[in-house]
Amino acid sequence: MRRTIPLILTFCVGMYPIFAFFVPHRVVTNINQNLDTYLVIVAAFALPLGVVNLVMSNINKIKKKDKGWFYSVVLIAGLCLMAFYGIMGGDQGFHAHFQWMFENAVSPLQATMFSLLAFYVASAAYRAFRARNVEATVLLIAAIVVMLGRIPIGDMITGGRLTPISEWLMTKPNAAAQRGIIIGAALGAASMQIRVILGIEQTYLGSGKD
Amino acid sequence: MAPFGIPIGVWINAFLTICILSFLYKDNPFFRFAESLFAGMSLGYYIGIVTENTLKPNLFRPMINDFWGNHNFLLVIPMILGVMLYFRYIRKIAWLARIALAVYIGYYVGVYLMQKLHGDILFQARDTIVPLTMGGIEAVWNVVIIVGVFSVLVYFYFSAEHKGALGRVSRVGIWFLMISFGASFGYTIMARISLLMGRFSFLVNTWVRPMISG
Amino acid sequence: MKIQKLLYIDRRIIYLLVAIGALIPIIRPIGLPVVPSAPVQGLFERVEELEPGDAVMLSFDYGPSSEPELNPMSAAIMRHLFMREVRVMVVAIFPLGGVQIAIREVARITSEFDLEYGVDYVNLGYKDGGQAPMKAMGVSIQDVFPADVETTPTEGMPIVEDVRNYGDIEVVITLATGIIGEWWANLVNAQFGVDVAVGCTAVSAPKYYAYLRSGQMIQRGLQ
């Protein structure tokens, strides 16, 4: 029972957008529109779900004074500070402190964390990027042509000769390969979604037997 | 407060940037401090925007301002479903969370199914299966596209061993994939370097230069 | 042997070389010309075709990690749209920073023009749920955004009253990181028929060439 009802619900709610797609009658569309707008709200509740787990595990770490507990304090403090001003809001939209903390803390932290990848990708390329066989050579040449064909200095070096080759690589062989990947991945995703709607795939409901 | 004429926000910004970059030398307490702060503030930020931009305007305000008008009382349904998701943390009623989860997953699965079948497969296939009557070089390029798409799909067909004709076609698929991965790699390098330059540009132009020029 | 040695040099030396390479043009800009690629030109021409008063939806679907790539695009596109006297509806679907960047960038660019908020442009803010708000806007934008980013009710706002759904929008332009760009193409373009242009990060660009060929997108790519 505790499993059957959710499975029936998944089937009904999952089938509705498909039904609405093929039957664009006013009544059907209205219900579908309500479903869409309600799901905006449900998604707003659903997405911070992980926060609960993270907070509980970090509070446990602080309680037990585990190794690195100080960093858990930093994490919880950052979370509380940001969430407090976020929930409080301002007279006109976001609280000024919320916007300030975003600009001066969240933004540089996120941007710098991602910018580290520049170093790693360069280091990895330096060590691994070698023409070991025909396929690797094709990859290497495509990467170089695309890079030189896309930057102004590449135009200067090659007199603009690589730009059309690079454009051809992107719009023909690359687009063909990406199209193959898109179709293949879409077929895989669609089959998984059909399994979920039909109740064959149930892992999202958890492993409990009841 | 503005030490050396630089706003305090810029100092904090620069300090946190250097804390993260310090990891390149080796793991250290400054990096771990910044990393934990990043995780905490990102989640706090997320709670903030969810509340301010979705829950308040779409749920709380309509219900508080005019509960019975404009069918706002129906908003109780998504609110209950949303709250039910958190029942998973209360052992006795944890199973009720599955009902909310079923609606949430069911909806996105249905939407995504149409998005993939209609928006991806049909549109991409329609543009691949085209008559070769346009003549000239475009017809040749369309053959390239058809060969590329078909051979890549064959490469991803795992229900039979890639031997004989199947093996040869899938090998052509590998070549197409390698060109595409090479292009992706080239683009990725350029993208990552541009992110790094964004941070360096901040450090040099917003923090150091104004400090030197006073 | 020497090549082997070169292969195993300390990673920090490679990092240092990367850092120097990235720093030089910042300390002493070289000033190379930027040549627009064909798809960029395609979007430029699409915007040129717009009439004064036409409506465009501009979605800020990126966070701070993609700002160096996408901020110049958003600024160029906004300036072009406002120069053409096109009405702009700003939204954000990407959760980690999209709306904050939209607030800052929209304020920066609109201050260069003589525009009236709520008439010539509006910033509707962020909405959760990805595909859910994208789909719902096909029927009613006001259902999804009952208030703007400053909590002002959108009811009675001329631009929101006039532009009810995608049917009233000429082009959706998204500045997107990750998968959101393709959702605008394979959901919004495919199901509602509205033109979609994607200013994407370079990482996503190769994939988007397939959507570009199929006509589901107008623009993509670095530059």
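# A guided tour of chains A, B and C

Select A:L162 to begin: with 21 C-beta neighbours inside 10 Å, this residue counts as buried (a residue is buried if 20 or more other C-beta atoms, placed from the backbone, lie within 10 Å of its own, exposed if 12 or fewer, and partly exposed in between). The model is predicted, so local features need pLDDT of at least 70 and side-chain atom pairs count only at pLDDT 80 or more, while totals for chains, interfaces and linings use all residues. Residues are numbered from 1 along each chain as its sequence is written, and chains are lettered from A and ligands numbered from 1 in the order in which they are written.

**Around A:L162**

A:L162 belongs to helix α8 (residues 162-197) of chain A; helices (H or I, at least four residues) and strands (E, at least two) are DSSP runs numbered from the N terminus. Next, show A:V145, A:L148, A:G149 and A:G154, which are in contact with A:L162 when its neighbours within four places in sequence are left aside. Two residues are in contact if their C-beta atoms, placed from the backbone, lie within 7 Å. Then select A:F21, which is 141 residues from A:L162 in sequence and 45 Å from it in space, C-alpha to C-alpha.

**Chain A as a whole**

Colour chain A by secondary structure to see 8 helices and 0 strands. The radius of gyration of chain A is 26 Å, well over the 17 Å that the globule rule gives for 210 residues, so chain A is more spread out than a compact globule. That radius is taken over C-alpha atoms, and the rule is 2.2 Å times the number of residues to the power 0.38. Along the principal axes, the C-alpha atoms of chain A fill a box of roughly 65 × 55 × 45 Å. Of its 210 residues, 40% count as buried.

**Chain B and its two partners**

Add chain B: 95 of its residues are in contact with 102 residues of chain A. On this side of chain B, α2(B) gives the most, with 25 residues. The residues there divide into 65 nonpolar, 22 polar and 8 charged (Ala, Val, Leu, Ile, Met, Phe, Trp, Tyr, Cys and Pro count as nonpolar, Asp, Glu, Lys and Arg as charged, and the others, Gly among them, as polar).

Now show chain C, where the contact takes 36 residues from chain B and 35 residues from chain C. Here α6(B) gives the most to the side of chain B, with 16 residues. By class, that side has 20 nonpolar, 14 polar and 2 charged residues.

**The sheet of chain C**

Hide chains A and B and select the strands of chain C: 5 strands form an open sheet with parallel pairing, in the order β3-β2-β1-β4-β5. Two strands pair if DSSP finds at least two bridges between them. At the edges stand β3 (121-126) and β5 (195-200) of chain C, each pairing on one side only. Strands β1 (residues 55-61) and β2 (residues 87-92) of chain C pair in the parallel sense over 5 bridges; select C:A55 to find C:R87 of β2(C) opposite.

Finish with two helices of chain C. Helix α5 (residues 98-110) lies across β1, β2 and β3 of chain C, running at about 165° to β3(C). Helix α9 (residues 180-192) lies across β1, β4 (171-176) and β5 of chain C, at about 175° to β5(C). Axes are lines fitted to C-alpha atoms, for helices over the stretch in contact, and angles run from 0 to 180 degrees between N-to-C directions.
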